[in-house]
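Visitor: I should be grateful for a guided reading of this model, taken one question at a time. Where would you begin?

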Amino acid sequence: MNQKTQAILLRSYKYGESSRVAVFITPCLGKIKAVLKGVEKLKSRYSKLQIFGLYDVELRRVKDRELDTVSSLEVINNFSGIMKRSETYAVATTVIEITTLITSFENDETSIFRELCFVLDRLSQNKEGESPVRYLVIYALRSMHLAGFVGLFSECGACRDKTGPFSITLSGDIRCNKCAPAGKKVFIDRSLALAMDEIVRGGMDENAYLSVKNAELRKISPVVRLLLDFVLPKPLKSLDFLASVLKKKEKNTDKG
Ligand SMILES: [Zn+2]
């Protein structure tokens, strides 16, 4: 059975002598693994395959087989602007890793797919002097919410109390003081909880990403970092790379 879909490349690895397996995120099929035959050969028609790239893909799907085969692939947008700066590249790498960890195979991931397209496009157009990190923090929060890993922050998930104060438990649940279990948890005040709810409830547009004030973003970032630790099935590998890129950038700014 052949099936056409849009797809973003999450990663790829060598398969046999001349082929690669690509892991894509698609809107309706979720994550998929598909073989690109002969991709390692010179003059391969898939030579434009690039991480972060958005493609029109035609798949040959075989029932009960884990691997599909790519029968055609056309570039829609390779978001080439991302590659122009080390900061946008490092942020996009982390965005892709988060997406890989929160999405599932053979699951409708349309809303996360659309959000990812939007963020990669914004990062590709990110200008010198604008921090791309804002897109990472807000995408991380919104995509964890879209994937069902976190709910709303201004209401206790157990007793529905809306007055707070609230804390986030190790499993990523929001609890009031009365309902919070003993042990490690992170307190968030009500104004921060409301600000985070506004981010996850907002529509997917520029406003959701740019309306958050810098001071607010500085308070939200460490909470998002902890949430990622709490809810992701594996620790994020790309964060160290991002931290080193940002540190270098800061050094250069100090010199200038
Ligand atoms: Zn409660």
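Guide: A definition comes first: two strands are paired if DSSP finds at least two bridges between them. The model under discussion is predicted.

Visitor: Which residue in strand 8 is the bridge partner of Ile 168?

Guide: Strand 6, residues 166–169, runs antiparallel to strand 8, and 4 bridges join the two. Pairing requires at least two bridges, so strands 6 and 8 qualify as a pair. In strand 8, the partner of Ile 168 is Val 186.

Visitor: Which are the edge strands of the open sheet?

Guide: This open sheet has 3 strands, paired antiparallel in the order 7-6-8. An edge strand here pairs on one side only. That description applies to strand 7 (174–176) and strand 8 (185–188).

Visitor: By how many degrees, on average, are neighbouring strands of this sheet turned against each other?

Guide: The strands concerned are those of the open sheet with the order 7-6-8. With direction ignored, the average turn between neighbours is 35 degrees.

Visitor: In what order do the strands of the closed barrel run?

Guide: The barrel is closed and contains 5 strands, with mixed pairing. Its neighbouring strands are turned by 50 degrees against each other on average, direction ignored. Strand 1 (residues 2–15) is joined by 7 bridges to strand 4 (residues 54–60), and 7 bridges also join strand 1 to strand 2. The full order is 1-2-3-5-4.

Visitor: Which residue in strand 4 is the bridge partner of Asn 2?

Guide: Strands 1 and 4 run antiparallel. Further along strand 1, Ala 7 stands opposite Tyr 55 of strand 4. The partner of Asn 2 in strand 4 is Arg 60.

Visitor: Which residue in the turn between strand 1 and strand 2 has a positive phi?

Guide: Strands 1 and 2 are antiparallel, and Leu 9 has Phe 24 of strand 2 as its bridge partner. Lys 14 stands opposite Arg 20. The two strands form a hairpin with 3 residues between them, and the turn residue with a positive phi, about 70 degrees, is Gly 16.

Visitor: Which residue in strand 3 stands opposite Val 23?

Guide: A hairpin of 3 residues connects strand 2 to strand 3. The two strands run antiparallel and are joined by 7 bridges, strand 3 covering residues 30–36. Opposite Val 23 stands Lys 33.

Visitor: At what angle do helix 1 and helix 3 pack?

Guide: Helix 1 spans residues 86–102 and helix 3 residues 133–146, and their axes lie 9 Å apart. Angles under 35 degrees count as roughly parallel, and the packing of helix 1 with helix 3 is therefore roughly parallel. The angle is about 5 degrees.

Visitor: How many residues of the contact between helix 1 and helix 3 are nonpolar?

Guide: Helix 1 contributes residues including Val 91, Val 95 and Ile 98, while helix 3 contributes, among them, Leu 136, Tyr 139 and Met 144. None of the contact residues is charged and 3 are polar. The nonpolar ones number 10.

Visitor: How many residues of helix 3 are buried?

Guide: A residue is buried if 20 or more other C-beta atoms lie within 10 Å of its own. The buried residues of helix 3 include Val 137, Arg 142 and His 145, and the elements covering them include helix 1, helix 2, helix 4 (190–201), helix 5 and helix 6 (214–231). Of the 14 residues of helix 3, the number buried is 12.

Visitor: How far apart are the end C-alpha atoms of helix 2?

Guide: Helix 2 comprises 15 residues, 110–124. Its buried residues include Phe 113, Glu 115 and Arg 122, and strand 1, strand 2 (19–26) and helix 5 (206–210) are among the elements that cover them. At 1.5 Å a residue the expected span is 21 Å, which agrees with the end-to-end distance of 21 Å.

Visitor: Is Thr 88 buried or exposed?

Guide: Thr 88 lies in helix 1. Beyond its neighbours within four places in sequence, Thr 88 is in contact with Ile 82, Leu 123, Asn 126 and Pro 132. It has 26 other C-beta atoms within 10 Å, and 20 or more are required, so Thr 88 is buried.

Definitions and conventions
Residues are numbered from 1 along each chain as its sequence is written. This is a predicted model: local features need pLDDT of at least 70, side-chain atom pairs count only at pLDDT 80 or more; totals for chains, interfaces and linings use all residues. Helices (H or I, at least four residues) and strands (E, at least two) are DSSP runs, numbered from the N terminus. Axes are lines fitted to C-alpha atoms, for helices over the stretch in contact, and angles run from 0 to 180 degrees between N-to-C directions. Angles under 35 degrees count as roughly parallel, over 145 as roughly antiparallel, 65 to 115 as roughly perpendicular and the rest as oblique. Two residues are in contact if their C-beta atoms, placed from the backbone, lie within 7 Å. Ala, Val, Leu, Ile, Met, Phe, Trp, Tyr, Cys and Pro count as nonpolar, Asp, Glu, Lys and Arg as charged, and the others, Gly among them, as polar. The expected span of a helix is 1.5 Å times one less than its number of residues.
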